[in-house]
Amino acid sequence: MRLLSNACEETTMLHQSLLLLHLLAAMAWMGGMFFAYFCLRPAAAEVLEPPRRLPLWVATFSRFLPFMAVAVLLLLGSGLAMLLPVGFRAAPPGWHAMFTLGLVMAAVFAYLYLLLLPRLRAFCDASAWPAAAQVLNRIRQLVALNLALGVLVVVAAVSAR
Ligand code: HEM
């Protein structure tokens, strides 16, 4: 009996640790995107001309996105580690929605990090400002998409309670 209750306590502690990791990663990702979209973007557009503004974005993304790559991996890993023991069949619809939207968000992030950032960097290095501005605009749209999906994911997560 005591052995069983110890095993239960350990499972609960593991689940709580995974949830903590999951929430910290989600906060970092969502908070970072919110700051970039609603604060840094308008401020940089107001204060800097394209030849200074676009390299600022390259420098910012080059620091921010590697942290976010870790956060995305932790988010997906901890999410799956909480979902799989319950199983897809028994999981509430909110968890299914979170899983599906989380994968879409991760794919958008990977496209942005692995394809668009190198393209933005190359255009900036070549001082091709109009082309760089186009790539930055695409990044802006994808960040807006991921922010909106992130809000839906949190709604799905809370509705599963
Ligand atoms: C593969 C992707 C994901 C999977 C498999 C997953 C799975 C889970 C599971 C199983 C829980 C429930 C834990 C519990 O109630 O004890 C949870 C909670 C949560 N997840 Fe996710 N998740 C994923 C992605 C995301 C993303 C992308 C976000 C936000 C951007 C997110 C935000 C949350 C939040 C806020 C909770 C807490 C809900 C609450 O305690 O009421 N998840 N996740």
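**Figure 1. The bend in helix α2 of the predicted model.** In this predicted model, α2 bends by about 30° at Phe-61. The helix covers residues 50-86, 37 residues in total. From its first C-alpha to its last, α2 reaches 51 Å, which is close to the 54 Å expected at 1.5 Å a residue. Gly-87 follows α2 and has a positive phi, near 95°.

**Figure 2. The cavity lined by Phe-61 and other residues.** The structure holds one cavity of 30 Å³ or more, and the volume of the largest cavity is about 90 Å³. Phe-61, the residue at which α2 bends, is among the residues that line the largest cavity. The lining also includes the aromatic residues Trp-29, Phe-64 and Phe-109, together with Gly-32, Met-33, Ala-36, Leu-65, Met-68, Leu-112, Val-143 and Asn-146. At least two residues of this lining come from each of α1, α2, α3 and α4 (129-159).

**Figure 3. The iron atom of the ligand and its protein donors.** Two protein atoms serve as donors to the iron atom of the ligand: NE2 of His-22 and SD of Met-98, which lie 2.0 to 2.2 Å from it. His-22 belongs to helix α1 (residues 2-47) and Met-98 to helix α3 (residues 93-125), so the pair ties together parts that are 76 residues apart in sequence. His-22 is buried because its relative accessible area, 12%, is under the 20% cut-off.

**Figure 4. The arrangement of donors around the iron atom.** Six donor atoms surround the iron atom of the ligand, and the angles they subtend run from 84 to 179°. The arrangement is therefore octahedral, with His-22 and Met-98 as the protein donors.

How values were computed: Residues numbered from 1 in each chain as written. Predicted model: local features only at pLDDT ≥ 70, side-chain atom pairs only at ≥ 80, totals over all residues. Heavy atoms only, no water. Donors = N, O, S within 2.8 Å, 3.2 Å for Na, K, Ca; no water. Tetrahedral: all angles 85-135°; square planar, octahedral: opposite > 155°, others 65-115°. Helix = DSSP H or I, 4+ residues; strand = E, 2+ residues; numbered from the N terminus. Buried < 20%, exposed > 50% of the residue type's maximum accessible area, 1.4 Å probe, protein only. Expected span 1.5 Å × (residues − 1). Bend = angle between axes of the 7 residues up to and from the residue. 1 Å grid on protein atoms, 1.4 Å probe; cavity = no way out; pocket = protein on both sides within 12 Å on 5 of 7 lines; lining within 4 Å. Points joined across faces, edges and corners; volume = space filled by probe spheres on them.
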